[in-house]
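Dear colleague,

Here is the structure I said I would pass on. My notes on it follow below the entry.

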Amino acid sequence: MQAVVLDGSGAGDGEMGAPRELLVRELQARGWQVDTRALREAAIAPCRGCFGCWITTPGTCVIDDDNRALTRAVYDADLVALFTPITFGGYSSTLKRALDHWIPLISPFFRRFHGETHHPMRYARRLSVLGVGVLAQPDAESEDIFRNLLQRNARNLDDARHAAVVWVAGQGTQPMRAALTRGLGELEVTP
Amino acid sequence: MSAPRKVLLLVGSPRRSRSTSLSLGSYLLARLQALGWQTQMLRIVAELREDGTREALLAAVDQADLIVLATPLYLDSLPSETIRALECIARRRGDGQAPKARTFMAIVNSGFPESHQNDLALAMCRRFAAQVGMRWAGGLALGGGPAIDGQPLDRHSRALRPVAAALDVMATALDQGQPVPAQAQHLASRQCMPHWLYRLDGNLLWYRLALKRRSVTKLRARPYES
C-alpha cells in the first residue's frame, strides 16, 4: 500500500532531515511503499480563493502547476503523512501551500455534520491522514493546537482517519519511534 | 504633543477584489483613523511575491504600534501566505532586529456560519504573538463571511450591523490600549440568519454561479475516478 509523505520543511529547517528520514524508514519497515514529496521543490502557486475548482472546473484547481499532481497523489494514497515543523501550532507555510489545494477533493455544498456546517467530500474514498509535527523545543500550547488541528481537518474531510504525532527535535530515536507507533495504531491502517 | 500611533493592517486574503478580510480590516482601520491613528494597509500576497524582498512588509511591521491581521480561514487554519508572512516576521525577530510593534490582533472570517470554526486559526495567531514577543490583544472570529462578500461594511444591510458594532467596540478598546472585549465577539457571533437557511442559500449560490459558467452538470464531477 502507498504512503505519501508531504514534506513541509523549508530550505532552512536543518533539524528536519533526521526526523524525516526516521519517518520514512519507520513506514517502510512496516511495509508501506513510501513516496516522499519535498514540497519546497515543487512549483505550487498559492490558492487564490477563487473557488474555480468548485464552479469553473469542478474537482480540478484552475492553476495548472504541481498542485494538481500532488492532490491526485493524496487521493490515490492509502496513507497521507503531513510532515512539518510545527509553526505557531500549525503547519508550515510550505506544507500549507499544498494543503490549501485540497479544496478540489471537497464538494462545495453545505450540510450539517457533527452539529456544524461542513462540506462533504467529493469522493467516497476515505482519507487516512497522519500529522507528524516537529517542535524545536517542548511547547505544550503549540502541541495542543497541532493535535486539535488534525482533529478539525479530519472533521472537514468527512471524518478522515487521523492521528497526530508530535516530536521534539533531538529527543532521541526511541521516544520518537514510540510516538509514531502510537499514532499509527490510532489510525488503524496497515499495509 | 506625541506622534500619532501607527496601525498596520495586513490583509491575508489572496483575492484582489471582493475580499471580506479587506472589508473588515478597512472598516476597523477607518475607525482607528477617526480616533487619531496613522494607518497603513498591506496585502500579504502582494508583499510576498517571489521576486520581492519583503522589506516593505518588514519595515511596516517595524514601524507599527499595532498590527491587525485580517484573514480568511483556509482548512481550519491560516492561508499559506499568511503563515509565510508570520514566519518572515518571526525570523526577523530571531535575528535580533526586534520590531517596534508591541501589539498584535487578528480578525479571522470563514464561509461557515459558526464563528467558533475560526478559533484554532486565532490560537495560532496568539501563539505567533507569544513567540515574537508581541502583546496579544485578542481576536475576532467571524462566520458567514460571504454575507459581506467584500463590500464596504458601512454600506451594508441591517443584518450586518452587529459586525460593524463589534468592530466599533474593538476600535475603542484598542485605542485605549485594552484587549478586544468579549462584547465584540458576542456581537460578531450574532446570526444574520438561521444556519439551515444559510446552508440552503449557500447551496443555491453555487448553482447560480455554476449556471453562469455552464458547469451545473459538472458540480459533482469526480475527475480522479476516471
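To begin with chain A: in what order do the strands of its open sheet of 5 strands run, and is the pairing parallel or antiparallel? The order is E2-E1-E3-E6-E7, and the strands pair in the parallel sense. Please keep in mind throughout that this is a predicted model.

Chain A

The sheet is bounded by strand E2 (33–38) and strand E7 (161–168) of chain A, the edge strands, each of which pairs on one side only. On average, neighbouring strands in this sheet are turned by 20° against each other, with direction ignored. At the E7 end, the partner of E7(A) is strand E6 (residues 128–135) of chain A, and the two are joined in parallel over 8 bridges. Within that pair, A:Gly131 is placed opposite A:Ala164 of E7(A).

Two helices of chain A can be placed against these strands. Helix H3 (residues 66–76) of chain A lies across E2, strand E1 (2–7) and strand E3 (79–85) of chain A, and it runs at about 140° to E1(A). Helix H5 (residues 140–156) of chain A lies across E6 and E7 of chain A, at about 160° to E7(A).

Chain B

Chain B contains 8 helices and 5 strands. In sequence order its pattern is β-α-β-α-α-β-α-β-α-β-α-α-α. The radius of gyration of chain B is 18 Å and the globule rule gives 17 Å for 226 residues, a close match, so chain B is as compact as a globular protein of that length. Its C-alpha trace spans about 60 × 40 × 25 Å along the principal axes. Of the 226 residues in chain B, 47% are buried. Counting contacts in chain B with a separation of 6 or more, 76% are between residues 24 or more positions apart.

The domain assignment splits chain B into domain 1 (6–192) and domain 2 (194–226). Taken over C-alpha atoms, the centres of domain 1 and domain 2 of chain B are separated by 30 Å. The contact between them takes 4 residues from domain 1 of chain B and 4 residues from domain 2 of chain B. On the domain 1 side, the residues that touch domain 2 are 2 nonpolar and 2 polar, with no charged residues.

One residue of chain B is worth a separate entry. B:Arg158 sits in the loop between strand E5 (135–142) and helix H6 (161–175) of chain B. Is B:Arg158 buried or exposed? B:Arg158 has 7 other C-beta atoms within 10 Å, and exposed residues are those with 12 or fewer, so B:Arg158 is exposed. From B:Arg158 to B:Cys192 is 34 residues in sequence and 9.2 Å in space, C-alpha to C-alpha.

The interface

Between the chains, 43 residues of chain B are in contact with 41 residues of chain A. On the chain B side, the elements that give two or more residues are helix H4 (80–94), helix H5 (119–132) and helix H8 (195–212) of chain B. H8(B) provides the largest share of that side, 7 residues. By class, the side of chain B that touches chain A is made up of 21 nonpolar, 9 polar and 13 charged residues.

That is what I have for now.

Regards

Definitions and conventions: Residues numbered from 1 in each chain as written. Chains lettered and ligands numbered in written order. Predicted model: local features only at pLDDT ≥ 70, side-chain atom pairs only at ≥ 80, totals over all residues. Pairing = 2+ DSSP bridges. Helix = DSSP H or I, 4+ residues; strand = E, 2+ residues; numbered from the N terminus. Axes fitted to C-alpha atoms, helices over the stretch in contact; angles between N-to-C directions. Contact = placed C-beta atoms within 7 Å. Nonpolar A, V, L, I, M, F, W, Y, C, P; charged D, E, K, R; others polar. Domains from an automatic or database assignment. Rg over C-alpha atoms; globule rule 2.2 N^0.38 Å. Buried ≥ 20, exposed ≤ 12 C-beta atoms within 10 Å, placed from the backbone.
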